[in-house]
Amino acid sequence: MKRHLISAADLTRDDAVLILDTAEEMARVADRPIKKLPTLRGRTVVNLFFEDSTRTRISFEAAAKRLSADVINFSAKGSSVSKGESLKDTALTLEAMGADAVVIRHHASGAPYRLANSGWIDGAVVNAGDGTHEHPTQALLDAFTVRRRLVGRDAGIGRDLAGRRITIVGDILHSRVARSNVLLLHTLGAEVTLVAPPTLLPIGVERWPCEVSYDLDAVLAKSDAVMMLRVQRERMNAAFFPTEREYSRRYGLDGDRMARMPEHAVVMHPGPMNRGMEITAEVADSDRCTAVEQVANGVSTRMAVLYLLMGGYESAATPTPARTQENH
């Protein structure tokens with residue numbers, strides 16, 4: 001494993017499979033009555049969030065606490081950042097306080113890379129989403145969810161996603177989740193197709209390791225998993241489609257479209273959902289939708305990332321009985 005996790009492109013196939021396998025061990029810990037490991041006791045993880053977040057921040061916090069790390073939550077709102085403090089000075093402050101790892105979400109693409117390569121801090125840096133660039137832990141938890149659903153919980157150990165067909169639908173242009181997923185799923189051997197109106201596809205998408213389609217109905221029948229993305233109104237400064245109703249009609253997933261998917265296929269959503277826009281309530285609440293599962297899997301996956309970056313490589317979920325007892 002590397003020292004930092006900034007981009008899904010940093011991971012080789014073996015790196016990614018190691019994280020997924022470790023996450024599977026971490027998930028077994030979550031099934032125990034006491035959901036804690038002593039691995040990171042005495043280490044400090046800082047959640048440095050310059051953007052609003054519910055799932056990701058709580059997920060990283062739960063992951064660090066389950067590994068017995070001390071967690072400091074830093075929100076830019078109500079901090080010195082709102083008084084004009086720079087990223088550098090914030091980082092130097094965290095370093096002075098002894099941060100062993102910094103989980104950063106920032107509105108500027110490239111901020112986590114800058115933090116990791118600037119020499120401002122010595123700890124590990126994990127990208128929890130930067131602008132419209134990347135969100136690697138979301139891609140890892142999505143891959144973990146797909147592997148569990150399509151290959152199996154135990155059967156999936158050591159396996160990648162070779163030959164699986166994943167379709168990602170919606171606002172690709174503004175989506176850091178789509179970018180990280182395309183890179184990671186390609187590394188794991190999956191065939192990825194992006195579906196979106198032409199106005200919501202980024203320039204240069206033809207150079208990405210995936211197919212592009214403008215017709216959702218044409219690709220549903222051959223998809224093993226369909227990932228619906230939220231239309232990110234907060235990042236839009238122009239009219240990218242005529243009306244919400246028209247977008248929903250052409251690119252929304254409803255019961256009829258779900259029925260055209262193969263029986264084993266699953267529907268994914270990174271959250272938060274806009275019900276009635278990209279996904280109907282009927283689909284969101286069906287057994288085939290993994291949205292809530294993805295949240296649970298997110299904690300296991302982020303435990304695996306923090307463990308591998310800060311902890312070690314020995315089997316994650318098998319601490320000695322004495323140490324476990326001492327911890328509780």
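**Sheets, helix packing and an aromatic cluster in a predicted model**

Biologist: In which order do the four strands of the open sheet with parallel pairing stand?

Modeller: In this predicted model, four strands form an open sheet, and their pairing is parallel. The twist from one strand to the next averages 15°. The order of the strands is β2-β1-β3-β4.

Biologist: Which strands are at the edges of that sheet?

Modeller: An edge strand here pairs on one side only. In the order β2-β1-β3-β4, this applies to β2 (70–75) and β4 (124–130).

Biologist: Which residue of β2 is the bridge partner of Thr44?

Modeller: Strand β1 (residues 44–49) pairs with β2 in the parallel sense, over six bridges. The bridge partner of Thr44 in β2 is Asp70.

Biologist: Why do β7 and β9 each have one side without a neighbour in the sheet?

Modeller: The open sheet of five strands runs in the order β7-β6-β5-β8-β9, with parallel pairing. Strands β7 (211–213) and β9 (266–268) stand at its edges, so one side of each lacks a neighbour in the sheet. The reason is that each has a single partner strand.

Biologist: What is the average twist from one strand to the next in the sheet β7-β6-β5-β8-β9?

Modeller: The pairing in this five-stranded sheet is parallel. From one strand to the next, the twist averages 20°.

Biologist: What angle does the direction of helix α5 make with that of β9?

Modeller: Helix α5 (residues 136–150) packs on the sheet, where it touches β5 (165–169), β8 (225–228) and β9. The direction of α5 and that of β9 make an angle of about 165°.

Biologist: Which residue of β7 is the bridge partner of Val195?

Modeller: Strand β6 (residues 191–195) and β7 pair in the parallel sense over three bridges. In β7, the partner of Val195 is Ser213.

Biologist: Is Thr193 buried or exposed?

Modeller: Thr193 is found in strand β6. Apart from its neighbours within four places in sequence, Thr193 is in contact with Ile166, Thr167, Ile168, Glu211, Ser213 and Val219. The relative accessible area of Thr193 is 16%, and the cut-off for burial is under 20%. Thr193 is therefore buried.

Biologist: How are helices α1 and α5 oriented to each other?

Modeller: The axes of α1 (residues 13–30) and α5 come within 10 Å and cross at roughly 70°. Angles of 65 to 115 degrees count as roughly perpendicular. The two helices, α1 and α5, are therefore roughly perpendicular.

Biologist: How many residues of the contact of α1 with α5 are charged?

Modeller: Helix α1 contributes Val17, Ile19, Leu20, Asp21, Ala23, Glu24 and Ala27, and α5 contributes Leu140, Ala143, Phe144, Arg147 and Arg148. Eight of the contact residues are nonpolar and none is polar. The number of charged residues is four.

Biologist: Which residues are linked into a cluster by ring pairs?

Modeller: The whole structure holds three aromatic pairs. In one of them, the ring centres of Phe241 and Tyr247 are 4.9 Å apart and the planes lie at 35°, so this pair is tilted. Tyr247 and Tyr251 also form a tilted pair, with 5.8 Å from centre to centre and 35° between the planes. The cluster linked by ring pairs consists of Phe241, Tyr247 and Tyr251.

Biologist: What separation along helix α8 do Tyr247 and Tyr251 have?

Modeller: Tyr247 counts as buried at 2% relative accessibility, and Tyr251 counts as buried at 4%. In helix α8 (residues 244–251), Tyr247 and Tyr251 are four residues apart, so their separation is about one helical turn.

Notes
Residues are numbered from 1 along each chain as its sequence is written. This is a predicted model: local features need pLDDT of at least 70, side-chain atom pairs count only at pLDDT 80 or more; totals for chains, interfaces and linings use all residues. Side-chain values use heavy atoms; hydrogens and water are left out. Two strands pair if DSSP finds at least two bridges between them. Axes are lines fitted to C-alpha atoms, for helices over the stretch in contact, and angles run from 0 to 180 degrees between N-to-C directions. Contact means heavy atoms within 4.5 Å. Rings of Phe, Tyr and Trp (its six-membered ring) pair if their centres lie within 6.5 Å; planes under 30 degrees apart count as stacked, over 60 as edge-to-face and the rest as tilted. Buried means under 20% relative accessible area, exposed over 50%, partly exposed in between (1.4 Å probe, protein chains only). Angles under 35 degrees count as roughly parallel, over 145 as roughly antiparallel, 65 to 115 as roughly perpendicular and the rest as oblique. Ala, Val, Leu, Ile, Met, Phe, Trp, Tyr, Cys and Pro count as nonpolar, Asp, Glu, Lys and Arg as charged, and the others, Gly among them, as polar.
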